[in-house]
Amino acid sequence: MKGLFITFEGPEGAGKTSVIQKLAKELTERKYPILLTREPGGISIAEQIRSVILDCDNTEMDARTEALLYAAARRQHLVERVIPALKENKIVLCDRFIDSSLAYQGYARGIGVEDVLGINEFATEKMMPSLTVYFDIEPEAGLERIAANNKREINRLDQEKLDFHYKVKEGYDLVKDKYRDRFAVVDASKDFESVCEQVRDILISYFAEHGF
Ligand code: TMP
């Protein structure tokens, strides 16, 4: 398969979505063949699963049910959107992927990173991104940004206590270490323009290294 599969990861309020929306627009204008998409969602079936997972009323949801729903949404999104775009030699920029499940469900929810990896390997047939850009920020700083941004939707996972968000960060630290070869880390505590600049530099040099 051709193309490039690049994912973006980080805790709540890291600014990942705003940064990649801006960069995707800019890079498209510069004629890079970009497809921007997101998880969980991006296509109808996966958006429907997303609304079940993130519904603030679904307080009784079991941790394994949550992990399986994310993996199901991931499967559908991969076959319906990501793989066809890669076959057309596109650069797929995906807002969250498997590492979110490893950090949130595997580590923070306590199911176990290896077990969650197992169900995800079934879902993805072991397909992995070749580059993951990680938005590094302390949990308090991320949550403060969410509180200050009243345009952002508040979801079921945002409502978890600070302790859960610390665990998400610890989970990401483990995942970054496990897959250090594909991880590039940006300092997401900086202002918006500076984070855009860090991510832009990483992407442009990665594109050039891979013939784009
Ligand atoms: P978002 O805030 O980036 O839209 O992501 C939605 C929420 O879903 C966010 O709290 C992270 C969470 N999430 C998981 O817990 N596991 C996953 O596999 C994915 C993709 C997201």
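In this predicted model, helices H4 and H5 sit oblique to each other, because their axes cross at roughly 140°, and angles count as roughly antiparallel only when over 145 degrees. H5 covers residues 113-124, and its axis comes within 8 Å of the H4 axis. As for handedness, the crossing of H4 and H5 is right-handed. On the H4 side, the contact draws on Ile98, Ser101, Leu102, Gln105, Gly106 and Tyr107; on the H5 side, Val113, Val116, Leu117 and Asn120 take part. Sorted by class, that makes 6 nonpolar and 4 polar residues, with no charged ones in the contact.

H4 also pairs up with H3. Here the two axes come within 11 Å and cross at roughly 180°, which means H3 runs roughly antiparallel to H4. The H3 residues involved are Glu66, Ala67, Tyr70 and Arg74, and they meet Ile98, Ser101 and Gln105 in H4. So far as class goes, this contact is a mix of 3 nonpolar, 2 polar and 2 charged residues. Ile98, Ser101 and Gln105 of H4 turn up in the contact with H3 and again in the contact with H5.

Now for the empty space. The largest pocket comes out at a volume of about 940 Å³. Its lining takes in 38 residues, and those closest to the centre are Lys16, Thr17, Asp95, Arg96 and Arg152. Several elements give two or more residues to this lining: helices H1 (16-29), H2 (44-54), H3 (63-87), H4 (98-108), H6 (139-148) and H8 (192-209), along with strand E2 (34-38). H1 gives the most, putting in 6 residues. The class split of the lining reads 14 nonpolar, 11 polar and 13 charged. H3 and H4, the pair with axes within 11 Å, are both among the elements that give two or more residues to the pocket lining.

Two spots in the backbone deserve a quick look. One is the peptide bond joining glutamate 39 and proline 40, which is cis, with omega at about -15°. Proline 40 belongs to the loop between E2 and H2, and both of those elements give two or more residues to the lining of the largest pocket. The other spot is asparagine 89: though not a glycine, this residue has a positive phi of about 65°. Asparagine 89 falls in the loop that runs between H3 and strand E3 (91-95).

Definitions and conventions:
Residues are numbered from 1 along each chain as its sequence is written. This is a predicted model: local features need pLDDT of at least 70, side-chain atom pairs count only at pLDDT 80 or more; totals for chains, interfaces and linings use all residues. Side-chain values use heavy atoms; hydrogens and water are left out. On a 1 Å grid over the protein atoms alone, a cavity is a set of points where a 1.4 Å probe fits but cannot get out, and a pocket is an open set with protein on both sides within 12 Å along at least five of seven lines; lining residues have an atom within 4 Å of a point. Grid points are joined across faces, edges and corners, and a volume is the space filled by probe spheres set on the points. Helices (H or I, at least four residues) and strands (E, at least two) are DSSP runs, numbered from the N terminus. Ala, Val, Leu, Ile, Met, Phe, Trp, Tyr, Cys and Pro count as nonpolar, Asp, Glu, Lys and Arg as charged, and the others, Gly among them, as polar. Axes are lines fitted to C-alpha atoms, for helices over the stretch in contact, and angles run from 0 to 180 degrees between N-to-C directions. Angles under 35 degrees count as roughly parallel, over 145 as roughly antiparallel, 65 to 115 as roughly perpendicular and the rest as oblique. A crossing is left-handed if the near helix is turned anticlockwise from the far one by less than a right angle, and right-handed if clockwise. Contact means heavy atoms within 4.5 Å.
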